[in-house]
Amino acid sequence: MAKRPNAFICQICGAAYPRWQGKCDACGAWNSIAEEQNAQAALPAAQRTDRKGRVFPLEGLSGASEDAPRTVAGIAEFDRVTGGGLVPGSVLLIGGDPGIGKSTLLIQASAALAARGHRVIYVSGEEAVAQVRLRAGRLGLSDAAVELASETNVEDIVATLSAGRSPALVVVDSIQTMWTESVESAPGTVTQVRTSAQILIRYAKKAGAAVILVGHVTKDGQIAGPRVVEHMVDAVLSFEGDGAHRFRILRAQKNRFGPTDEIGVFEMTGLGLREVANPSELFLANRDRSAPGTSVYAGMEGTRPVLVEIQALVVPTSLGTPRRAVVGWDPSRLSMVLAVLEARCGVKLGGHDVHLNVAGGFRISEPAADLAVAAALVSSLTGAVLPAESVYFGELSLTGAIRPVAHTVARLKEAAKLGFKGAVVPPLLASDPPPGEASLAIRPAATLADLVAGIAARAPRRAPQKAAEEA
Ligand code: TYD
Ligand code: MG
């Protein structure tokens, strides 16, 4: 057979081109295309046979089926995100920035599973066994019955795994360091990573072992190299946080065996990751109640309410185009809130820089934060301090109306539990069960203008000079 020409493959998204080019048309990345051995030619001979297909029976939708059995680690924050424990034969990909604590989390999870009598194998392609031991020692896990290896060749790994009793969990840290003899490309290339992942996935299905792959992410938050691996695995989790904060959040992005909106919250301590059972308390600690520009947002993450502080700073700009800086929220939603404030409430911020920050390094993904953001912005602009004992939630419509959001009762319950006295909420729906929290004064706001008027009424009397400037 004539040798097929090599392909040029984008190392970010896996798109293939017949010749080299500077920019990938598929994902827009620059200088990401590298020459690789043709993937078709690389297939092992066994997969290239012209075997006739076997006929298999088709089945109906109805019929007996069992819930997937679960291997529970006993770390509640971890088990919740996986959907109630690891499913035997499933493959999970955990992504995160370098140094965020992926290896720490996985060695702790491995030790927890081993302590429950499961066989757990931890394969590190990045660190020597001594380094992994050292970390386990620091975490006080030296006695855990986890079996370690420092290995990067996938064939050797699968041979070793297949030799003994089938493990309940195999951790491969990280998939980018793995390589297989079945393809000739250099380790770390898309073809290597993809083929290695395929081999490990095949092993997982065959042996009924749960496999966790660690993946590095690029600076824009994607799992580096092969996005394709994300499509091959059963679940993709991301481990987030930033170096400046102790909080780490494990978030499900895709899960064939569970919900995708659950989070697990951890705190990085000198003794490894500690579970945070009540994240609201942590996110609201050290709150400055007397400064304008802060509001408390009653949010939901999956089935769990999370209260976080939103901080806004609105200052006159010295630039031609005012600055809009957002940490922890979607910048395009901020633009929308600013536009609605201007168009529907006459609050003009075109001459002001706007900085918005979600305290504690938390990232909000819900539109229900609109109302809390608007409240913080107006508070900062007018100097009116918001009542410290109130929470805010509600989605803003472009007409200036405030729209109801899901889970009203759960949000209010959490606020009452944490000692809040009031809540500014969207108009209640008839279908909403009556909020049974007597300790909470509930103030529905129908429009953003209602909210703005309420806050402006609290504003301190303006200094004469400022009033004159604005006149
Ligand atoms: P690590 O798990 O090696 O990160 P990753 O595998 O995601 O690259 O964690 C590294 C960081 O965690 C390192 O900066 C030190 C910190 N750390 C602690 O603060 N406490 C601990 O007990 C451990 C083990 C690590
Ligand atoms: Mg690591």
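Biologist: What makes both faces of strand 1, residues 7-10, count as covered in this predicted model?

Modeller: Ala7 and Ile9 lie on one side, Phe8 and Cys10 on the other, and all four are buried. Buried requires under 20% relative accessible area. Each side therefore passes that cut-off, and both faces are covered.

Biologist: Why do the residues split that way?

Modeller: In a regular strand, side chains alternate between the two faces of the sheet.

Biologist: How do you know that strand 1 pairs with strand 3?

Modeller: Pairing needs at least two DSSP bridges. Strand 1 and strand 3, residues 33-36, share four, in the antiparallel sense. Ala7 has Glu36 as its bridge partner in strand 3. Phe8 has Glu35 there.

Biologist: What makes strand 1 and strand 2 a pair?

Modeller: Strand 2 covers residues 16-17, and the two strands have two bridges, antiparallel. The threshold is at least two, so the pair qualifies. Phe8 stands opposite Tyr17 in strand 2. Strands 1 and 2 form a hairpin with five residues between them. In its turn, Gly14 has a positive phi of about 90°.

Biologist: Which strands are the edges of this open sheet?

Modeller: The sheet has three strands in the order 2-1-3, with antiparallel pairing. Strand 2 and strand 3 are the edges, as each pairs on one side only.

Biologist: Why is Leu105 called buried?

Modeller: Leu105 has 2% relative accessibility. The limit is under 20%, so Leu105 is buried. It is found in helix 3, residues 102-115.

Biologist: What does Leu105 touch beyond four places in sequence?

Modeller: Leu105 touches Phe78, Phe239, Leu250, Phe266 and Leu273. As for Arg274, it is 169 residues from Leu105 in sequence, yet the C-alpha atoms are 9.6 Å apart.

Biologist: How many aromatic pairs are there?

Modeller: The count comes to three. One of them is Phe239 with Phe266, an edge-to-face pair.

Biologist: What makes Phe239 and Phe266 edge-to-face?

Modeller: Their ring centres are 6.1 Å apart, and the planes meet at 75°. A pair needs centres within 6.5 Å, and edge-to-face needs over 60 degrees. Both conditions hold, so the label stands. The pair links distant parts of the chain: Phe239 is in strand 9, residues 235-240, and Phe266 in strand 11, residues 263-269. They are 27 residues apart. Both are buried.

Biologist: Which residues form an aromatic cluster?

Modeller: Phe247, Phe283 and Phe362 form one.

Biologist: Why is Glu127 called buried?

Modeller: Its relative accessible area is 15%. That is under 20%, so Glu127 is buried. It sits in the loop between strand 5, 120-124, and helix 4, 129-138.

Biologist: What makes Glu127 and Arg135 a polar contact?

Modeller: Their side chains are joined at 2.9 Å. The cut-off is within 3.5 Å, so the distance fits. Beyond four places in sequence, Glu127 touches Ser103, Val132, Arg135 and Ser150.

Biologist: Which residues come nearest to ligand 1?

Modeller: Of the 16 residues around ligand 1, Gly99, Lys102, Ser103, Thr104 and Arg135 come nearest.

Biologist: How do you know that ligand 1 has polar contacts with Gly101, Ser103 and Gly272?

Modeller: Compare distances. A polar backbone atom of Gly101 is 3.0 Å from a ligand oxygen atom. For a polar side-chain atom of Ser103, the distance is 2.6 Å. For a backbone N or O atom of Gly272, it is 2.8 Å. The limit is within 3.5 Å, so these three qualify.

Biologist: What makes Arg411 sit over the ring of Phe393?

Modeller: The charged end of Arg411 is 5.2 Å from the ring centre. The distance limit is within 6 Å, so that part of the test is met.

Biologist: Which residues of helix 11, residues 408-417, are buried?

Modeller: Thr408, Arg411, Leu412, Glu414, Ala415 and Ala416 are buried. Their cover includes helix 8, strand 13, strand 14, strand 17, strand 20 and strand 21. Just after helix 11, Gly419 takes a positive phi of about 90°.

Biologist: What does the whole chain show?

Modeller: It has 13 helices and 21 strands. Of its 471 residues, 49% count as buried.

Conventions: Residues numbered from 1 in each chain as written. Chains lettered and ligands numbered in written order. Predicted model: local features only at pLDDT ≥ 70, side-chain atom pairs only at ≥ 80, totals over all residues. Heavy atoms only, no water. Buried < 20%, exposed > 50% of the residue type's maximum accessible area, 1.4 Å probe, protein only. Polar contact = N/O pair within 3.5 Å; in protein donor to acceptor, adjacent residues only side chain to side chain. Contact = heavy atoms within 4.5 Å. Phe/Tyr/Trp six-rings, centres within 6.5 Å; stacked < 30°, edge-to-face > 60°. Lys NZ or Arg CZ within 6 Å of the ring centre and 35° of its normal. Near = heavy atom within 4 Å.
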